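Biologist: I should like to take a close look at a single part of this model. Please describe its surroundings step by step, for a reader new to the subject.

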Amino acid sequence: MAENDVYTKDGTVDYHGNPANKKKTGTWRACPFILGNECCERLAYYGMSTNLVLYFKKRLHQHSVTASKNVSNWSGTCYITPLIGAFIADSYLGRYWTIACFSIIYVIGMTLLTLSASVSGIKPTCHGEENCHATDGQSAVCFLALYLIALGTGGIKPCVSSYGADQFDDADPVEKEHKSSFFNWFYFSINTGALIASSLLVWIQDNVGWGWGFGIPAVAMAIAVVSFFSGTRLYRNQKPGGSPLTRICQVVVASIKKYHVEVPSDKSLLFEIADTESVIKGSRKLDHTNELRFFDKAAVLGQSDLKDSVDPWRLCTVTQVEELKSILRLLPVWATGIIFATVYGQMSTLFVLQGQTMDTRVGNSNFKIPPASLSIFDTLSVIFWVPVYDWIIVPVARKFSGHKNGLTQLQRMGIGLFISIFSMVAAAILELIRLRMVRRHNYYQLEEIPMTIFWQVPQYFIIGCAEVFTFIGQLEFFYEQAPDAMRSLCSALSLLTVALGQYLSSLLVTIVTKISTRNGSPGWIPDNLNYGHIDYFFWLLALLSVVNLVVFLLVAKLYTYKRPLGTLR
């Protein structure tokens, strides 16, 4: 092997800061530590969050509305803090140190939460199982712990998937092919952790105690930290490239300052440095594209720019301009993920309410399955479809398409959006059949009608299948199409669709309720669903999903892929 082939060509370095040796670092040898970290972290997160609303009600003695609102506020924060973690990773610390520092904050939060549920004095005082009371101080300790966890997850969520993908050299065709497979197994590890959390840990919290219920996730998070640090010698690290927000602002300001300047038709006349590496540390140069030409004005050389030192607020490189263009081109694709996230969000809202009205017994036994526990079939679906996709669909699709990954990332996301429509159709048809049974037998006042809850399994299973296509495709797409020095930030952006999807769902419910309850009508979503029509809401989401798919196909057709130039070594 030639001397220069020993080292990666994408600018990654080892833990000493030296060029990363291909034989000793990265690829699948480093990934088990990252996947183990993610599996344990997600087990900790879901193990603590799945039943949180019940902890607020039973131990902190909060009303249903207050408890639900507090969980929603905390969950929303967990999807906003990744913007902070991603900014720190891309700008200053790099992904390794960001994950390391925020993981420690996470462990402190989990430990404090466990102590607040188990240590006398800071845990709520209980007289019997249901009669609990928490002082303001005890509630404050609980919420301090939860928001430390929210801050901790903000440094992990946007960085771990990108950090795993960093272990495969973009400039090596063989390694690049494995990168797509990594995203599949990364999502598999998330759902493995979630499966254990939503089954075993929820049972422990309900039947053994909250101290153990929160203590086990805390131990899982400590194991996640140990797993991550264990692979330090094997990791490849991308250098942080400085503040991406500053670079974006520089392009915008320089473009506005030169709004009267004509952009030359010859792209070689635009400003770019001569080195192989771009002006952004650790980042490859990007080739010029013809869209959004207004921003090209920032790279036009004027008489006043030809000084000894370049003013970055007046003159930017082509790569810096293309970095902003890449982000702007991602936004329409990003926006189409919000409707999908709204559909995905129904698993924790309307699917649960629908399940509550059905027979929750398992077979002829007296054992009742909690309606929320049916989301386990979504997790099982993901665990089933990831290997099927990686081992069967990709090789078959590769034969027909000739594409190294079988499907492009946009094709994969589009298939997921298409599949998700059928989960809403399945839910709507089930509700239609359920309501017919209610009317035929006058079951209006029955809490559970004689129709097994397991009829809901198909809608959960279909969403799981759609996730494997859309969410994993989205993860990979945002990593691949993000500028080299903004990958964590773009991962955080893709996570933001989940939060926005939840907000859109709430907005739709509010609008639908306001319109459908006019003239004294019970509306689509009344307290007693036997008088309602949540099937109409599912049809509405199916229709919005169809419109969203059409918009996505148009956006995908017009999308211009980024074009990195050369390598860094």
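Leaving aside its neighbours within four places in sequence, with which residues is Phe56 in contact?

Modeller: This is a predicted model, in which local features need pLDDT of at least 70 and side-chain atom pairs count only at pLDDT 80 or more, while totals for chains, interfaces and linings use all residues. Residues are numbered from 1 along each chain as its sequence is written, and side-chain values use heavy atoms, without hydrogens or water. With those sequence neighbours left aside, Phe56 is in contact (heavy atoms within 4.5 Å) with His61, Gln62, Ala67, Asn70, Val71, Cys142, Phe143 and Leu146. Phe56 also belongs to the largest nonpolar core, which has 108 residues; such a core is a set of buried (under 20% relative accessible area, 1.4 Å probe, protein chains only) Ala, Val, Leu, Ile, Met, Phe, Trp, Tyr and Cys residues joined through side-chain atoms within 4.5 Å. Together with Met48, Trp74 and Met221, Phe56 is among the residues with the most contacts inside this core. Helix α3 (residues 64-118; a DSSP run of H or I, at least four residues) contributes the largest share of the core, 14 residues. Another core lies apart from this one and has 26 residues, including Met347, Leu374, Met424 and Phe537.

A charged residue offers a further example of burial. Glu476, in helix α12 (residues 457-481), is buried yet has no salt bridge, that is, no Lys or Arg side-chain nitrogen within 4 Å of a carboxyl oxygen of Asp or Glu. The nearest side chain of opposite charge (Lys and Arg positive, Asp and Glu negative) is that of Arg412, 4.1 Å away. Not counting residues up to four places away in sequence, Glu476 touches Arg412 as well as Ser180, Phe183, Asn405 and Gln409.

Note on methods:
Helices (H or I, at least four residues) and strands (E, at least two) are DSSP runs, numbered from the N terminus. Buried means under 20% relative accessible area, exposed over 50%, partly exposed in between (1.4 Å probe, protein chains only).
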